[in-house]
Amino acid sequence: MHKIWSLYQNEMIKVSRRKLIWVMGIILIALLLLINMGMKMLYNNDVSSETNTEEVWQNQQLMDQQNLDEIRSQIESGYSYSGEVLLPSQIEELEQEAAVLEYKLSSNYYERCSGQSTTKSLFINITWTLMLNIDRTILFIFCVLIAGTAVSSEISSGSIKSLIIAPVKRWKIFLAKSFMILTMLILGTLFSYGVSALLQGAFFGFDAGLPVVRMAGSAVVETPLFAFMLEHLVLSMFDILVICVFALMLSAVIRSSAASVAISMGVYFIVTDVVRIISMLIDKWWVKYIPFVNFNIQNRILGSASSEIEQILGTGQAASAGTPSIAFSLIYLCVLTIGMYYIAWDSFCRRDIKK
């Protein structure tokens, strides 16, 4: 165990000396700063931000009460507004929406929100959405560059031979590299969220932003906006972890840094979206076995968020008949990740090291 820890420290020292970390960090901070400055300027120029918030929330409460009554009537009758028979899945969706509205109406939700402008809340949600997209993109590129070059770069440069000839088993070297990649993913997630939260709080206030009311299983929960965004970012890192293992596998198997990074990025940015669109058009049972269809776990777990953030983040996506369940996606991606990791492990530990 001591040797693994020493190897892990050595990997962390090597990666910390790479200029890539500091360049990506500076780029991330600069982009997040520009987003907050731009959205703050747009908000200051919006005269509707001075709307009487108390009256707005009173009207919202009345509208939500009307919506709740209409939803209840649909559930009781079993028919939609257009007279169509509601499917069991549609009834369940309406029941969840009704539960969220009942929570808001039975609690002091509207009183607590009455001091906040809906326009300001909208700008905050848009700002958070843009920042989360930047966070995920920069973090993905950063982690794939590290994972895709973890093995191949050292083999091509010949520096791996100094480790191989040492009295250390190969699997310990590979394990140390794996821990390093996982650590950088965790630290990158915390850093990107921390910078985003600090900038959002500095420009719009740490107490600004409406709480998110959503279904969590069979219960309605209310989550502060900052905590909801952290939860969303952490869950979205699962996709990045899968692609990082894929990049690590390519790095160990084909031993080409350029190819490993290029293929991994192409799969994430191009193939994933293409396959997702195709899966929406082809509603078959076998679609759920396509790896990319099982991505976006965060959207399905947080998909019942009943607020403006649902529409902005796109978490309220309607699932087709072929959409896999959350449990299936988690199990499937875990098995897939373990399989790819074993291939990388086997390739690194058994193949000859040649420059």
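Biologist: How many Å should the 19 residues of helix 4 span, and how far apart are its end C-alpha atoms?

Modeller: The expected span of a helix is 1.5 Å times one less than its number of residues, where helices (H or I, at least four residues) and strands (E, at least two) are DSSP runs numbered from the N terminus. For helix 4, residues 88-106, the expected span is 27 Å and the end C-alpha atoms are 26 Å apart, which agrees. This is a predicted model, in which local features need pLDDT of at least 70 and side-chain atom pairs count only at pLDDT 80 or more, while totals for chains, interfaces and linings use all residues. Residues are numbered from 1 along each chain as its sequence is written, and side-chain values use heavy atoms, with hydrogens and water left out.

Biologist: Which residues of helix 4 are buried, and where do they lie when seen down its axis?

Modeller: An α-helix has 3.6 residues a turn, so residues three or four places apart point the same way. Here Leu94, Ala98, Val100, Leu101, Lys104 and Leu105 are buried, meaning under 20% relative accessible area, with exposed meaning over 50% and partly exposed in between (1.4 Å probe, protein chains only). These buried residues fall within an arc of 160 degrees, so they line one face of helix 4, the arc being that of the directions from the helix axis to the C-beta atoms. Pro88 and Ser106, on the other side, are exposed.

Biologist: What do the buried residues of helix 4 pack against?

Modeller: Their partners are helix 3 (53-77), helix 5 (109-113), strand 1 (212-216) and strand 2 (219-223), where contact means heavy atoms within 4.5 Å.

Biologist: How many residues has the largest nonpolar core, and which have the most contacts inside it?

Modeller: In soluble globular proteins, nonpolar side chains tend to be buried together. A nonpolar core is a set of buried Ala, Val, Leu, Ile, Met, Phe, Trp, Tyr and Cys residues joined through side-chain atoms within 4.5 Å. The largest one has 74 residues, and Trp128, Phe142, Met184 and Ile240 have the most contacts inside it. Its largest share, 17 residues, comes from helix 10.

Biologist: Is helix 10 largely enclosed or largely open, and where is its kink centred?

Modeller: In helix 10, 21 of the 29 residues are buried, so it is largely enclosed by the rest of the structure. Its kink of about 25 degrees is centred on Asp239, the bend being the angle between axes fitted to the seven residues ending at a residue and the seven starting there.
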